[in-house]
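Student: I am new to this structure and should like to learn how its descriptions are justified. May we go through them one at a time?

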Amino acid sequence: MSMPLQQRAGLVVSAHSADFVWRAGGAIAQHRGQGIDMHVVCLSYGERGESAKLWRKGMSLDQVKQTRQEEALKAAEVLGAKVTFLDLGDYPLHVDDEALFKLADIYRKVQPEFVLTHSQHDPYNYDHPRATDAAQEARIIAQAEGYRPGEKILHAPPVFCFEPHQPEQCHWRPDVLLDITEVWDKKRQAIECMAGQEHLWEYYTRVALQRGVQAKRNIGITSGKDIQYGEGYQRILPQVVETLS
Ligand SMILES: [Zn+2]
């Protein structure tokens, strides 16, 4: 009897409930369109640190969290992603062992071919690099034969860091540019689900245009590809290839 083929999948680890939209919405929609399941884990709702507009409306903590969850679910639906909320709290985000094991279990279940998460440094936001550490540490746990022995271990999905709000201060420099022109409308629609952060809609449209120009510049003028929108990523681990051409 032949084994059923594992559904191809990608995993996004987002510190707060909206990060995956600004920073990886294009990648999510793009891969979903290629038949790859996209799973997002929101470690927190970003209730304390990234929901200023909702607090100004006089909402309670529960209302803020619920609103953020609804927005994230709406955006994920537009992009075609499944979302898991771990509700670990933010500002500060603390990922304890129990949460790490939960994340490792998600890795084992999803068996992602690639992982998208935050930059490794961010002097403006301590939750973001903590999410990166958690994404990497849980990945390593999921690779260990001694963790839940007998289960299928995780292999070595590459980890890509998505663009932080202030790239230079975060020591983030893109070495991968993803053409998201075809799915830009979806990303913009998902961005607009984030009613609590309307001030960022145009900002992240400009970022996508900027990366689009950069992608076009790097793909070579003769390709004839009219890239307009892009997303930048930085790899943490080396890429393994058989040819450099
Ligand atoms: Zn965030």
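Tutor: Let us start with pairing: two strands count as paired if DSSP finds at least two bridges between them. Please keep in mind that the model is a predicted one.

Student: What makes β5 and β7 a pair?

Tutor: β5 and β7 (residues 230-235) are joined by 3 bridges. The cut-off is at least two bridges, so the two strands pair. They run antiparallel, and Gln234 in β7 is the residue opposite Cys161.

Student: How do you know which strands are the neighbours of β4?

Tutor: The bridges show it on both sides. β4 shares 3 bridges with β1 and 3 bridges with β5; at least two are required, and therefore each of these counts as a pairing. In both cases the strands run parallel. As particular partners, Leu11 is bridged to Val115 in β4, and Leu116 faces Phe160 in β5.

Student: Why is the whole sheet called mixed and open, and which strands are its edges?

Tutor: Its 7 strands follow the order β3-β2-β1-β4-β5-β7-β6, in an open sheet with mixed pairing. Strands of a sheet may pair either parallel or antiparallel; here β4 and β5 run parallel, whereas β5 and β7 run antiparallel. The edge strands are β3 and β6 (176-179), each with pairing on one side only. On average, neighbouring strands are turned by 30° against each other, with direction ignored.

Student: What covers the sheet, and what kind of unit do β4, α5 and β5 make?

Tutor: Helix α5 (residues 127-143) lies across β1 (9-14), β4 and β5, at about 160° to β4. Together, β4, α5 and β5 form a right-handed β-α-β unit. Helix α7 also packs on the sheet: it touches β6 and β7, and its direction is at about 75° to that of β7.

Student: How do you know whether the faces of β4 are covered or open?

Tutor: In a regular strand, side chains alternate between the two faces of the sheet. In β4, Phe114 and Leu116 lie on one side, Val115 and Thr117 on the other, and all are buried; both faces are thus covered. Beyond four places in sequence, Leu116 contacts Leu11, Val12, Val13, Ala24, Ala27, Phe160, Phe162 and Tyr233.

Student: Which residues have the most contacts inside the largest nonpolar core, and which elements supply it?

Tutor: That core has 41 residues, and Val12, Phe20, Trp22, Ile28, Val40, Leu116 and Tyr233 have the most contacts inside it. Elements that supply at least two residues each include α1 (19-33), β2 (37-42), α3 (61-79) and β5 (159-162). The largest share, 7 residues, comes from α1. Apart from this core there is another, of 24 residues, including Ala15, Ile106, Ala134 and Ala142.

Student: How do you know whether the length of α4 agrees with that expected of a helix?

Tutor: Helix α4 (residues 97-110) has 14 residues and, at 1.5 Å a residue, should span 20 Å; its end C-alpha atoms are 20 Å apart, so the two values agree. Its buried residues include Leu100, Leu103, Ile106 and Tyr107, and among the elements that cover them are β1, β2 and α5.

Student: What makes Gln111 unusual, and is it buried or exposed?

Tutor: Most residues other than glycine have a negative phi. Gln111, in the loop between α4 and β4, is not a glycine, yet has a positive phi of about 50°. Its relative accessible area is 9%, under the 20% limit, and it is therefore buried.

Student: What sets Tyr91 and Pro92 apart?

Tutor: Both lie in the loop between β3 and α4. Most peptide bonds are trans, but the bond from Tyr91 to Pro92 is cis, with omega near 5°. Tyr91 also has a positive phi, of about 45°, without being a glycine. Tyr91 is called partly exposed because its relative accessibility of 35% falls between 20% and 50%.

Student: Why is Gln6 called partly exposed, and what does it contact?

Tutor: Gln6, in the segment before β1, has a relative accessibility of 40%, again between 20% and 50%, so it is partly exposed. Outside its neighbours within four places in sequence, Gln6 contacts Lys109, Val110, Gln111 and Lys152.

Key:
Residues numbered from 1 in each chain as written. Predicted model: local features only at pLDDT ≥ 70, side-chain atom pairs only at ≥ 80, totals over all residues. Heavy atoms only, no water. Core = buried A, V, L, I, M, F, W, Y, C linked by side-chain atoms within 4.5 Å. Buried < 20%, exposed > 50% of the residue type's maximum accessible area, 1.4 Å probe, protein only. Helix = DSSP H or I, 4+ residues; strand = E, 2+ residues; numbered from the N terminus. Contact = heavy atoms within 4.5 Å. Axes fitted to C-alpha atoms, helices over the stretch in contact; angles between N-to-C directions. Expected span 1.5 Å × (residues − 1). Right-handed = clockwise from strand over helix to strand, strands pointing away.
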